[in-house]
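Thanks for sharing this one. Below are some notes to read alongside the structure, set out as numbered points.

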Amino acid sequence: MGVYSFKELEKLLPSVGSINGMLVKEYIQALTDENLIRVEKIGSGNWYWSFTSDAKKSKENMINKLKDEETKLLASIEVAEQELEKKMTKRQEDDEMLLDGGSDRDALMDAYEALVKENDALDKELELYSDNDPAEILRKMEATNKLKESTLRWTDNLESLESFLVSLTGDRAQAGEIMHRACGEDYVVGEGLKELAVPN
């Protein structure tokens, strides 16, 4: 063990460690950060030293940590191998059962594919009958009622607008012309809004 000041290390390290003199401070800081050397401020200077037992303890701790990790990995490998063995045994039993029943995995996969296609065809056929579906009919009736309510509300709004224009201009014919320009063919001058034709 040796104890050195920073100035001594600045002179000693470039010749011993082939380190550029400008980088000595960075190397010392890195060694201090990794706890490979110790530093103590005594007076106005920093003093650096290292115990050989510290390096030995550090290596022993690393070895113990790696051994613990190895033990955990070996245990997880053993668990994975047991799981694999169980799954392989189960699959072999399934294969034997299939062979005893006269079917193999490929035949069952073909049957599965055929059933999926048949199911898709039945779903498409069911869609053709959706017009008679009570839930679909109810949904359409509700949508129709909402549209009817909205139409009545806007009709009332347009009639209110027409009354407002008559009171504003004082001329029913001029208000009718304005309404005709705004509403187009749905408004007949002198008669008002056309009645909506409801399809049967």
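**Notes on helix packing and selected residues**

1. Helices α1 and α2 are roughly perpendicular to each other, because their packing angle of about 110° falls in the range of 65 to 115 degrees that earns that description. Their axes are 10 Å apart. Please keep in mind throughout that this is a predicted model. In sequence terms, α1 covers residues 6-17, and α2 covers residues 24-33.

2. Which residues of α1 and α2 meet? On the α1 side they are F6, L9, E10, L13 and P14, and on the α2 side V24, K25 and I28. By class, this contact has six nonpolar residues, two charged ones and no polar ones.

3. Staying with α2, have a look at T32, which has its place in that helix. Is T32 buried or exposed? T32 is buried, because its relative accessible area is 18% and the cut-off for burial is under 20%. A polar atom of the T32 side chain lies 2.8 Å from the backbone oxygen of I28. I28 is also one of the α2 residues that meet α1. Setting aside residues up to four places away in sequence, T32 touches I37, V39 and Y48.

4. Y48 comes up again at R38, a residue of strand β2, which spans residues 38-42. R38 and Y48 are 10 residues apart along the chain, and their C-alpha atoms are separated by 5.6 Å. Beyond its neighbours within four places in sequence, R38 is in contact with W47, Y48, W49, F51 and D54. R38 counts as partly exposed, because its relative accessible area is 39%. Y48 is thus worth a click in the viewer, since R38 has it among its contacts and T32 touches it too.

5. The other helix pair to look at is α5 with α6. Helix α5 runs over residues 134-169 and helix α6 over residues 172-183. Their axes come within 8 Å and cross at roughly 140°. That makes α5 oblique to α6, because an angle has to be over 145 degrees to count as roughly antiparallel. The crossing is right-handed.

6. What makes the contact between α5 and α6? From α5 come L158, L161, E162, L165, V166 and T169, and from α6 come R172, Q174, A175, I178, M179 and C183. These residues divide into eight nonpolar, two polar and two charged.

7. T155 is also found in α5. T155 is partly exposed, because its relative accessible area is 25%. The backbone oxygen of T151 lies 2.8 Å from a polar atom of the T155 side chain. How far is T155 from E195 in space? The two are 10.0 Å apart, C-alpha to C-alpha, with their positions 40 residues apart in sequence.

8. Another α5 residue to check is L138. At 48% relative accessibility, L138 counts as partly exposed, because a residue has to be over 50% to be called exposed. From L138 to K56 the C-alpha distance is 83 Å, for a sequence separation of 82 residues.

9. Finally, V188 belongs to strand β4, residues 187-188. V188 is partly exposed, because its relative accessible area is 27%. The C-alpha atoms of V188 and E142 are separated by 31 Å, and the two residues are 46 residues apart along the chain.

Methods
Residues are numbered from 1 along each chain as its sequence is written. This is a predicted model: local features need pLDDT of at least 70, side-chain atom pairs count only at pLDDT 80 or more; totals for chains, interfaces and linings use all residues. Side-chain values use heavy atoms; hydrogens and water are left out. Helices (H or I, at least four residues) and strands (E, at least two) are DSSP runs, numbered from the N terminus. Buried means under 20% relative accessible area, exposed over 50%, partly exposed in between (1.4 Å probe, protein chains only). A polar contact is a pair of N or O atoms within 3.5 Å; within protein, one must be able to donate a hydrogen and the other to accept it, and residues adjacent in sequence count only if both atoms are side-chain atoms. Contact means heavy atoms within 4.5 Å. Axes are lines fitted to C-alpha atoms, for helices over the stretch in contact, and angles run from 0 to 180 degrees between N-to-C directions. Angles under 35 degrees count as roughly parallel, over 145 as roughly antiparallel, 65 to 115 as roughly perpendicular and the rest as oblique. A crossing is left-handed if the near helix is turned anticlockwise from the far one by less than a right angle, and right-handed if clockwise. Ala, Val, Leu, Ile, Met, Phe, Trp, Tyr, Cys and Pro count as nonpolar, Asp, Glu, Lys and Arg as charged, and the others, Gly among them, as polar.
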